[in-house]
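Me: Please take me closely through one part of this structure, beginning with a single side chain and its surroundings. I am new to it, so explain each term as it comes up.

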Amino acid sequence: YRTMRTLAQDNDIVLIQETKLPSEEPELTERLHALLQTGEFAEWKVHSSPALPEDAGAGVLMWYNATAVEIENGTVAVPVKGRIQRARVRVKADGTRFALTHAYMPTRRGRLTEQQAALQAAARDALHRAAASAHADGLAHVVAGDLQAQATELREGNEHDAWLAGYMME
């Protein structure tokens, strides 16, 4: 709870990856949502996408101060469960609008299995579609989260780095 208070002090949107909230235990997610929207956080809202059983290390959570920012239509899209969230955000103070993509890329540890490769491809596709949608709508596109989730020995000069560099230039 102290960590969340610290995060909320200087931020109006907090994005958390690797929540590991299991999709098969919705009551746990409900309890966390209640905790993050009561007391001093009564004006805050939360959207989460729990980890699927086959991707237990995943899970993403978007927590925001509803007195400062608005998620347009109150909708957060989840193109890749437990990995990617998308929202249109409006800053209440000045009306600034932007597209927000919250990503927790699949962790890479050596050679990808077929399932990991499919998940990585889906996440990359979701990020490309988010960028194209923001561009088509004339909105700035903010991408945040963990885009470089890979083992230390894989961090430099690999295919993912090349993809990420290209994506960031879009």
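Reply: Q120 touches P106, R108, L112, E159 and H160, when residues up to four places away in sequence are not counted; contact here means heavy atoms within 4.5 Å. This is a predicted model, in which local features need pLDDT of at least 70 and side-chain atom pairs count only at pLDDT 80 or more, while totals for chains, interfaces and linings use all residues. Residues are numbered from 1 along each chain as its sequence is written, and side-chain values use heavy atoms, with hydrogens and water left out.

Q120 lies in helix 3, where helices (H or I, at least four residues) and strands (E, at least two) are DSSP runs numbered from the N terminus. With a relative accessible area of 7%, Q120 counts as buried, a word that stands for under 20% relative accessible area, with exposed over 50% and partly exposed in between (1.4 Å probe, protein chains only).

Helix 3 also leads to the largest nonpolar core, which has 12 residues, namely V80, I84, A103, M105, A123, A126, L127, A131, L147, W163, L164 and Y167. Such a core is a set of buried Ala, Val, Leu, Ile, Met, Phe, Trp, Tyr and Cys residues joined through side-chain atoms within 4.5 Å. At least two residues of this largest core come from each of helix 3 (114-136) and helix 4 (159-168), and helix 3 gives the most, with four residues. One core member, L127, is in contact with I84, T101, A103, M105, H141, V143, L147, W163 and Y167, leaving aside its neighbours within four places in sequence. In soluble globular proteins, nonpolar side chains tend to be buried together.

A103 brings in the strands, for A103 stands opposite G145 in strand 8. Strand 7 and strand 8 (residues 140-146) pair in the parallel sense over seven bridges, where pairing requires that DSSP finds at least two bridges between two strands. Seven bridges also join strand 7 to strand 6 (residues 84-91), and these two run antiparallel, with V89 standing opposite F98 in strand 7. Strand 6 and strand 7 form a hairpin with five residues between them, and G95 in its turn has a positive phi of about 80°. Strand 7 (residues 97-104) is mostly covered, as seven of its eight residues are buried.

Elsewhere, an open sheet of three strands has the order 1-3-2, with antiparallel pairing. Strand 1 (13-17) and strand 2 stand at its edges, each with a single partner strand, so one side of each is left without a neighbour in the sheet. Five bridges join strand 1 to strand 3, and V14 stands opposite W63 in strand 3.

W63 belongs to an aromatic cluster with F41 and W44. Rings of Phe, Tyr and Trp (its six-membered ring) pair if their centres lie within 6.5 Å, and planes under 30 degrees apart count as stacked, over 60 as edge-to-face and the rest as tilted. The structure holds four aromatic pairs. One of them, F41 with W44, is edge-to-face, at 6.2 Å centre to centre with 85° between the planes, and F41 and W63 are edge-to-face too, at 5.0 Å and 70°. Because F41 lies in the loop between helix 2 (26-35) and strand 2 (44-49) and W63 in strand 3 (residues 60-65), the pair of F41 and W63 ties together parts that are 22 residues apart in sequence. F41 counts as buried at 3% relative accessibility, and W63 does so at 0%.
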